[in-house]
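Let's take a friendly walk through a protein model together. Keep the structure open beside you as you read, and find each residue as it comes up.

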Amino acid sequence: MASNGEFSFPNGAPKSPLKKIQTQKKENGICHDDSAPPVKAKTLDELHSLQKKRSTPTTPVKTDNVFSQLSDEDRQKLQLQSISASLASLVRETGPKLVKGDPAQKTDGSKTVSHHHHHHHHHVVVAPTIGVSDSALKFTHVLYNLSPAELYEQAIKYEKGSFVTSSGALATLSGAKTGRSPRDKRVVKDETTEDELWWGKGSPNIEMDEQTFLVNRERAVDYLNSLDKVFVNDQFLNWDPEHRIKVRIVSARAYHSLFMHNMCIRPTPEELENFGTPDFTIYNAGQFPCNRYTHYMTSSTSIDLNLKRREMVILGTQYAGEMKKGLFSVMHYLMPKRHILSLHSGCNMGKEGDVALFFGLSGTGKTTLSTDHNRYLIGDDEHCWSENGVSNIEGGCYAKCIDLSREKEPDIWNAIKFGTVLENVVFDEHTREVDYTDKSVTENTRASYPIEYIPNAKIPCVGPHPKNVILLACDAFGVLPPVSKLNLAQTMYHFISGYTALVAGTEEGIKEPQATFSACFGAAFIMMHPTKYAAMLAEKMQKHGATGWLVNTGWSGGRYGSGSRIKLAYTRRIIDAIHSGSLLNANYTTTEVFGLQIPTEIEGIPSEILDPVNVWADKEAYNDTMLKLAGLFRKNFEVFATYKIGTDSKLTEEILAAGPNF
């Protein structure tokens, strides 16, 4: 810097000279710089109002539509009426008056204030009618489908624990609950759901009655109505336009609104104008606890699903994943009724249009293996398989962030930018750099971002019928082969089992592997009996010629502690051979007990590892461990063994026969 207070340019003048000041035009003998017209504002407030350009609807108006005859004002009125109906109390005659916009932003008055100041006559005081409560006298401001930028401002202004991180993501806190509360989820059991849903042992559906649901709904709605403002998101689920579901989410936090903006499918302005009545509504009153004296309540948290009313109520948890997975459960009910299979899976597609589905519990490598730069990502977590092919249910991804690194997961790393919600991460107070290794809030740190943030995402997120169905297991017992080709009955058996085995605990010493079984690879979200979904899967695979595969991403040559983890490079080779179709042409032999068909050779992989018995030094230990695992499979399957589809249990017997035989 030059010391005389002026800027010095080391390389002479700057490259882009500023606009020259015109001195030719003289007005009253004064030189004017008229390179820009003067500001058309007399006050700061006026200046600020000029800053924001009114958004003009760019929507072509459809004439065949009931909405097209409406003025914008009438359309907005209808929309407010629809939201007002959603928020109506079922007991009190009236709720609050709903108006659009933020109470903190002073509008032009006419929108929010019912009396205009130019009426200078005396106000007539109307005595409130009996049965009207104070809530009817207040305004609740509806913040409707705000943009990410607007939601950032709301979060930072009004919500403790909201910060912008160095990469531009919004860091938020979910409060006391940093994960789902499956034991607090309740489903209304009524005359229809009693027969349709899976209840009892092994099922995720814990019952409640309609009356109790309405008590909780009232509590949630009263809480939301008591606030100055609520956020309303109107969005879609399922990229297949023929089978999409309209959802409305009413929430009290900007964080929840932004999370759902990312996770559901975002409507175009035109789709929003003609949105109409939602098919399903979530009332997220998560800051408010449920009443523990209410029947069926076991804690101050309750997530309640009423399929007949098509409503979900959240009390006592601010973890955003409850909304995502709650809607996933709803899809597991609505879609099979339309003969569409809902799947907890990743899905990608090759350049030739070959689609693969990936199933696997936490830690099996589902994310790692379905992220493939040579293939298009259709979705990372929730899909439908219909007569039209596959479609992603969601509009975004919800990725784990613990120990995230740029090297290992560049796509997720680069997706954490403006618009992304980061949950419960820890960051440097000054630089706002996130420390992804820090578990001080929770190990379940997560990022939620729109699917477009992934460079090779296929938009729209739909694809043709799957060619391959890949079931991933991380087998810490080390007895499952690296890859097995499954017949349809085996595919159903292993799909219903949903097996993986991880190593419990991180304390010193060699730990016993823990087998986990999760029906359909997503037991927490299924609504009907697992065999129903399995039978649908087999039927679709048969009809469209898809092959089932069981891939072990875990141990080989011994269980955890004596064997070693199968190299990721080998697993990738296997997955590539499945995608290319070359693995179908391999020679196969059949293993004992599990009866799995395993290839004798795969290019680029040492042949001896393909049959686990070869790489165990202690053959007897191998046999014992294999029988132990087979026993765990058998014990787990007892819950499903008596299920009847239609009049007999023939299908169930066929599936059982495909399990381990010993």
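A residue is called buried when its relative accessible area is under 20%, exposed when it is over 50%, and partly exposed in between. Keep in mind that this is a predicted model.

**A covered strand**

With that cut-off in hand, look at strand E11, residues 280-285: six of its six residues are buried. In a regular strand, side chains alternate between the two faces of the sheet. What covers E11 on each side is not our topic here, but both faces are covered: Phe280, Ile282 and Asn284 are buried on one side, and Thr281, Tyr283 and Ala285 are buried on the other.

E11 also has partners. Strand E10 (residues 245-251) runs parallel to E11 and is joined to E11 by five bridges. In this pairing, Ile249 has Ile282 of E11 as its bridge partner. Strand E13 (residues 311-315) pairs with E11 too, again in the parallel sense and over five bridges. Here Thr281 stands opposite Glu311 of E13.

**A helix to check with a ruler**

How far apart should the ends of helix H8 be? At 1.5 Å a residue, the 17 residues of H8 (321-337) should span 24 Å, and the end C-alpha atoms are 25 Å apart, which agrees. H8 is mostly covered, with 16 of its 17 residues buried. After the helix comes His339, which has a positive phi, near 60°.

**Rings that meet**

The model holds 21 aromatic pairs. One of them joins Phe517 and Phe633 edge-to-face, at 5.1 Å centre to centre and with 80° between the planes. Phe517 belongs to strand E29 (residues 513-517) and Phe633 to helix H15 (residues 619-637), so this pair ties together parts that are 116 residues apart in sequence. Phe633 counts as buried because its relative accessibility is 0%. Both rings also belong to a cluster linked by ring pairs, whose members are Trp198, Tyr493, Tyr499, Phe517, Phe594, Phe633, Phe637 and Phe640.

Charged side chains can sit over rings as well. Arg244 lies over the face of Phe236, at 3.7 Å from the ring centre, and Lys189 lies over the face of Trp199, at 5.0 Å from the ring centre.

**Charges that meet**

Across the whole structure there are 25 salt bridges, including these:

| Salt bridge | N to O distance |
|---|---|
| Arg75 and Asp72 | 3.3 Å |
| Asp222 and Arg92 | 2.2 Å |
| Lys308 and Glu191 | 3.4 Å |

How are Arg75 and Asp72 placed in helix H2? They are three residues apart in H2 (residues 72-86), so about one helical turn separates them. An α-helix has 3.6 residues a turn, so residues three or four places apart point the same way. Arg75 is buried, at 10% relative accessible area, whereas Asp72 is partly exposed, at 49%.

The salt bridge between Asp222 and Arg92 reaches further along the chain: Asp222 is in helix H5 (residues 210-226) and Arg92 is in the loop between H2 and strand E3 (97-100), so the pair ties together parts 130 residues apart in sequence. Asp222 is partly exposed at 30%, and Arg92 is partly exposed at 31%.

For the third bridge, Lys308 is partly exposed at 44%, while Glu191 is exposed at 54%. Elsewhere, salt bridges with shared partners join Lys324, Lys325, Lys366, Asp381, Glu382 and Glu394 into one network.

Technical notes. Residues are numbered from 1 along each chain as its sequence is written. This is a predicted model: local features need pLDDT of at least 70, side-chain atom pairs count only at pLDDT 80 or more; totals for chains, interfaces and linings use all residues. Side-chain values use heavy atoms; hydrogens and water are left out. Helices (H or I, at least four residues) and strands (E, at least two) are DSSP runs, numbered from the N terminus. The expected span of a helix is 1.5 Å times one less than its number of residues. Buried means under 20% relative accessible area, exposed over 50%, partly exposed in between (1.4 Å probe, protein chains only). Two strands pair if DSSP finds at least two bridges between them. Rings of Phe, Tyr and Trp (its six-membered ring) pair if their centres lie within 6.5 Å; planes under 30 degrees apart count as stacked, over 60 as edge-to-face and the rest as tilted. A charge sits over a ring if NZ of Lys or CZ of Arg is within 6 Å of the ring centre and within 35 degrees of the ring normal. A salt bridge is a side-chain nitrogen of Lys or Arg within 4 Å of a carboxyl oxygen of Asp or Glu.
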